Amino acid sequence: MAYFPESKGQERLNDRAHDELRELSMETGLLSQSDGSCQFSFQNTCVLASVHGPMEPKSSRKELIDRACIEVYLKPAQGQQGSEERDYEVLIRGILEEVSQTQSFPRTVITISLQVINADGSLLPCAVMAAACALIDAGIPLFAIPSACCCAISQEGQPLLDQDAEEEDQSRATVFVCTKTDEGNSKASSVLSILSDGAITREELNSCLLLCMRGCSAARAFVTLFSERN
């Protein structure tokens, strides 16, 4: 399923407005040997997520008496895993631990494997969306549905929602935002995580936050529509 957000405002070099997401697409149930899977794309940025578990842990260190242990592994499209991927694993695991009802599965492990198919900017939010949707596909209950988006600040100070790789390379700052919406109240959302990198003013950060909140709402609406149709 694919979704094309509306375009408004000044266009960028890639024919998008500064506040416009790229085409969103997702597909679930692709991997028959996993308990849940999802391939999520922000146009050319694509991540395939698979979930295994809840299952018995192989090590007693991962056996938590009051909840499930969540593991996250992120593999790049090419080459060996680097520090960025490891940092993303920690951040994604924290987000999933916040929204997953892990207490329903004590003394078990839930493993989320993320394979980057293609990286064309805004990789982190794509990985978050793929992981969350794979958990839903696996039947893991969630307290809230997470949604993520990125924004870049150009050298001229223009905020650019859902930047591609070229815009990311030429930017002087990026902002990642993840929000959550309670399942019982889809209209109420709150910020779950914010991460900024680079030189950015308070005003620019606020602009990026507002754009990312809108982007998160659009991504969540897309996921909701997909779930209703499938």
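How many cavities of 30 Å³ or more does the count come to? In this predicted model, the count comes to one cavity of that volume, and the close-up views below begin with the residues around it.

**View 1. The largest cavity and the elements that line it.** The largest cavity has a volume of about 40 Å³, and its lining is made up of M129, A132, C133, I136, I145, P146, S147, R220 and V223. Helix α2 (123-137), β7 (144-153) and α4 each contribute at least two residues to this lining, and α2 gives the most, with four residues. Rolling a probe the size of a water molecule over the atoms shows where empty space is left.

**View 2. The salt bridge between R16 and D162.** The structure holds 10 salt bridges, one of which joins R16 to D162, with the closest N and O atoms 3.9 Å apart. Because R16 lies in the loop between β1 (2-3) and β2 (24-28), whereas D162 lies in the loop between β8 (159-161) and α3 (165-170), the pair ties together parts that are 146 residues apart in sequence. R16 is buried, with a relative accessible area of 6%, and D162 is also buried, at 1% relative accessibility.

**View 3. The salt bridge between R107 and E63.** In the pair formed by R107 and E63, the closest N and O atoms are 2.9 Å apart. R107 belongs to the loop between α1 (83-99) and β6 (109-118) and E63 to the loop between β4 (45-55) and β5 (69-75), so this salt bridge ties together parts that are 44 residues apart in sequence. R107 is partly exposed, with a relative accessible area of 44%, and E63 likewise counts as partly exposed, at 33% relative accessibility.

**View 4. The salt bridge between R172 and E204, and a network of salt bridges.** The side chains of R172 and E204 meet in a salt bridge with an N to O distance of 2.4 Å. This pair links distant parts of the chain, with R172 in the loop between α3 and β9 (173-182) and E204 in helix α4 (residues 202-229), 32 residues apart. R172 is partly exposed, with a relative accessible area of 26%, whereas E204 is buried, with a relative accessible area of 12%. Elsewhere, R16, R22, D120, D162 and E167 are joined into one network by salt bridges that share partners.

**View 5. Cysteine residues outside any disulfide.** The count of disulfides comes to zero. The sulfur of C149 is 5.1 Å from the closest cysteine sulfur, that of C212, and is therefore too far away for a bond. C208 is likewise in no disulfide, with the nearest cysteine sulfur, in C151, 3.3 Å away; the cut-off for a disulfide is a pair of sulfur atoms within 2.5 Å. Both C149, at 1% relative accessibility, and C208, with a relative accessible area of 0%, are buried.

**View 6. The buried side of helix α1.** Helix α1 has 17 residues and reaches 25 Å from its first C-alpha to its last, close to the 24 Å expected at 1.5 Å a residue. Its buried residues are E85, Y88, E89, I92, I95, L96 and V99. Because these residues cover an arc of only 140 degrees around the axis, they lie on the same side of α1. An α-helix has 3.6 residues a turn, so residues three or four places apart point the same way.

Conventions. Residues numbered from 1 in each chain as written. Predicted model: local features only at pLDDT ≥ 70, side-chain atom pairs only at ≥ 80, totals over all residues. Heavy atoms only, no water. Salt bridge = Lys/Arg side-chain N within 4 Å of Asp/Glu carboxyl O. Buried < 20%, exposed > 50% of the residue type's maximum accessible area, 1.4 Å probe, protein only. Expected span 1.5 Å × (residues − 1). Arc of directions from axis to C-beta. 1 Å grid on protein atoms, 1.4 Å probe; cavity = no way out; pocket = protein on both sides within 12 Å on 5 of 7 lines; lining within 4 Å. Points joined across faces, edges and corners; volume = space filled by probe spheres on them.
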